[in-house]
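Open the model in your viewer and keep the selection box handy. We will go from stop to stop, with something to select at each one.

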Amino acid sequence: MNSSKQIKFGALLSYASIAINILSGLLYTPWMVNQIGQNDYGLYTLANSVITLLMVDFGLSSATARYLSKYNAEGKREEAERFLGAVYKLYLIVDAVILTALVVIYFRIDTIYATLTPDELSRFKVVYIISALFSVVNFPFITFNGILTSHEKFVPLKLADVIYRVCLVGFTIIALLMGYGLYALVTVHAIVGWSVTLYKFIVIKKTVPLKVKFRNTDKSLYKDIFGFSLWTTISSLMQRLVFNITPSILGMVTGAAQIAVFGIVTTIEGYSYTITTAINGMFMPRISRLVANDKSNEALNKLLVDVGKFQFTINGLIIAGFAVVGKSFISLWMGEAYLDAYYGILLVVIPGAFFNSMQIANTTVVVEGKVKLMAIVNILTGVINVCLSYPLSKSYGVLGACVSICIAYSVRSIVLMVLYNKVLPFNIPRFIRQCYLKLLVPIVLTILIGFAMNQVVPDSGWLVLVLKGGFTAAVFGGLVFTMGFNKSERAALLGRATGLIKKH
């Protein structure tokens, strides 16, 4: 299969994986929580957050894709094989450090999570061991993604994601129906994860003509790898000081029930981010061409506004829709015990909308090699969240944790706007006027109309929820079309719609 077909079918599989992930989460998560109980779900969320917090690959996966792509383009097979040897050595060293940290944490679990009951601590330790064992064994094989990407094997790479999603949900349902409970949940996760890794290994073995050479590695290569991945690593570490560290902070000052509620916040926020940023990677080649042109400032600013308005519109629909029907949705989906998640989700999604709509500028930072800039902002974001999360969580539980994230994310967006305006060729004040100010009015009006509707039409089940959601979306669409878009944008949209109708 040639490169263009790999990209086309890989993209379709990627969207299929996203759809499966969201649908399975919405339909399967409440059933799974009901099967194992709220507290056990909180323990499961806590264990995953601790492991994820430590499983930092130090930018090595990005380095793998970047360097192998470079060597493949230059026909340097031997250098590629030596590079793989160097990367695997580094992965094994990092893996040993992570294993040591996980062991130390295990023997301090009783002290760190003092709010958990003795029974919860006992179950958490078992879940922790299974999750840690899977992560440590699987860690060096993260390179498989970079190898497949660099050789344009997008179909098997994305097919692996689909297989993982389907098998994880399917086998977990079977295990829980057989009455195996919490331990089955994490065991299935590990077995399916290892199986998918084995699938990738077989694909690489059969289709990628590379061997790993551990000997005669040029020491300067290690320096290049570290130089490439340093700021990526810092950004990754700092990002973990937001959502990944919050369950641990809640575990220190509250309990498993609050962690479970935060797990729902994390799930919905993840869905929102995935949907609203699905098109990001498509613009990097175009931005690269524009950056290479000294007279590209106007074109870049137009792209920032056009793409930003589209992404902010999607974010606005999610925010307005969830503000209107989210409370009813959480109640029907997860139950009254999770209603705090409604407010928590709004707190984290609203500031995230401003960051998500600046993806053209975020991508330009990478294209121009100014990743240090993003890393510094992520450091600021992580530090703010850690400083605020503990006292706010102690006083207000999961809502306090979400307020902390809201403040940290808001500061991130403001700082990035200032830096982009000064460092990059973007006119951010014009972007704010043409994107945010134009669309904020329709978003606010939609929410107000939706709240008025809720006063007139009481909640009474899924059908009413769907009808309310449809009405809210229609109102939002009408307001955005008439107030959020200018005359030329409306004409262009109507022209595309007319063209589609004529084709059919």
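Helices here are DSSP runs of H or I with at least four residues, numbered from the N terminus. Keep in mind throughout that this is a predicted model.

**The whole chain**

Begin with a cartoon view of everything. The protein chain has 21 helices and zero strands. Of its 504 residues, 49% are buried. Among contacts with a separation of 6 or more, 82% join residues 24 or more positions apart. Switch on the surface if you like: the chain exposes about 23900 Å², and 67% of that comes from carbon and sulfur atoms.

**Stop 1: Ile51 and helix H6**

Select residues 38-54, which form helix H2, and pick out Ile51 within this helix. Is Ile51 buried or exposed? Ile51 is buried, because its relative accessible area is 4% and the cut-off for buried is under 20%. Now show what surrounds Ile51: beyond its neighbours up to four places away in sequence, Ile51 touches Leu102, Tyr128, Ser131, Ala132 and Ser135. Add Phe134 as well; this residue is 83 residues from Ile51 along the chain, with 9.9 Å between the two C-alpha atoms.

Next, select residues 118-138 to bring up helix H6, which has 21 residues. From first C-alpha to last, H6 reaches 30 Å, close to the 30 Å expected at 1.5 Å a residue. Colour the buried residues of H6, which include Tyr128, Ser131, Ala132, Phe134 and Ser135. Glu120 and Arg123 are also among the buried residues of H6.

**Stop 2: the nonpolar cores**

Which residues touch the most other members of the largest nonpolar core? Select Ile264, Ile330 and Tyr420 to see them; this core has 121 residues. Then select 297-333, helix H14, which gives the most to the core, with 15 residues. Apart from this core lies another, of eight residues, including Ala160, Tyr164, Val188 and Val196. In soluble globular proteins, nonpolar side chains tend to be buried together.

Return to Tyr420 and show its contacts. Leaving out residues up to four places away in sequence, Tyr420 touches Met358, Ala361, Asn362, Val365, Leu373, Met374, Phe426 and Ile428.

**Stop 3: Val265 and the largest cavity**

Select Val265, which lies in helix H12. Val265 counts as buried because its relative accessibility is 0%. Show Ala341 next: although Val265 and Ala341 are 76 residues apart along the chain, their C-alpha atoms are separated by 5.5 Å. Ala341, Gly344, Ile345, Val348 and Cys402 all touch Val265, not counting residues up to four places away in sequence.

Keep Val348 on screen, as this residue also helps line the largest cavity. How many cavities of 30 Å³ or more does the structure hold? There are two, and the largest has a volume of about 40 Å³. To see its lining, select Glu269, Ser272, Tyr273, Asn315, Val348, Val349, Gly352, Ala353 and Asn356. Helix H12 (256-276) and helix H15 (340-356) each supply at least two of the lining residues. H15 gives the most, with five.

**Stop 4: Ser389**

Move to residues 371-396, helix H17, and find Ser389 there. With a relative accessible area of 0%, Ser389 is buried. Outside its neighbours within four places in sequence, Ser389 is in contact with Thr246, Ile249, Ala401 and Ser404.

**Stop 5: Lys468**

Select 462-484 for helix H20, where Lys468 lies. Is this lysine buried or exposed? Lys468 counts as buried because its relative accessibility is 4%. Beyond its neighbours within four places in sequence, Lys468 is in contact with Val325, Met453, Asn454, Val457, Pro458 and Asp459. Draw a distance from Lys468 to Asn454: the C-alpha atoms are separated by 8.4 Å, with the two residues 14 apart along the chain.

**Last stop: Arg490**

Finish by selecting 487-503, helix H21, and highlighting Arg490. Arg490 counts as partly exposed because its relative accessibility is 25%. Leaving aside its neighbours within four places in sequence, Arg490 is in contact with Phe481, Thr482 and Phe485. You can also select Val480, ten residues from Arg490 along the chain, and find the two C-alpha atoms separated by 9.9 Å.

Technical notes. Residues numbered from 1 in each chain as written. Predicted model: local features only at pLDDT ≥ 70, side-chain atom pairs only at ≥ 80, totals over all residues. Heavy atoms only, no water. Expected span 1.5 Å × (residues − 1). Buried < 20%, exposed > 50% of the residue type's maximum accessible area, 1.4 Å probe, protein only. Core = buried A, V, L, I, M, F, W, Y, C linked by side-chain atoms within 4.5 Å. Contact = heavy atoms within 4.5 Å. Areas by Shrake-Rupley, 256 points an atom, 1.4 Å probe, with all protein chains shown as cover. 1 Å grid on protein atoms, 1.4 Å probe; cavity = no way out; pocket = protein on both sides within 12 Å on 5 of 7 lines; lining within 4 Å. Points joined across faces, edges and corners; volume = space filled by probe spheres on them.
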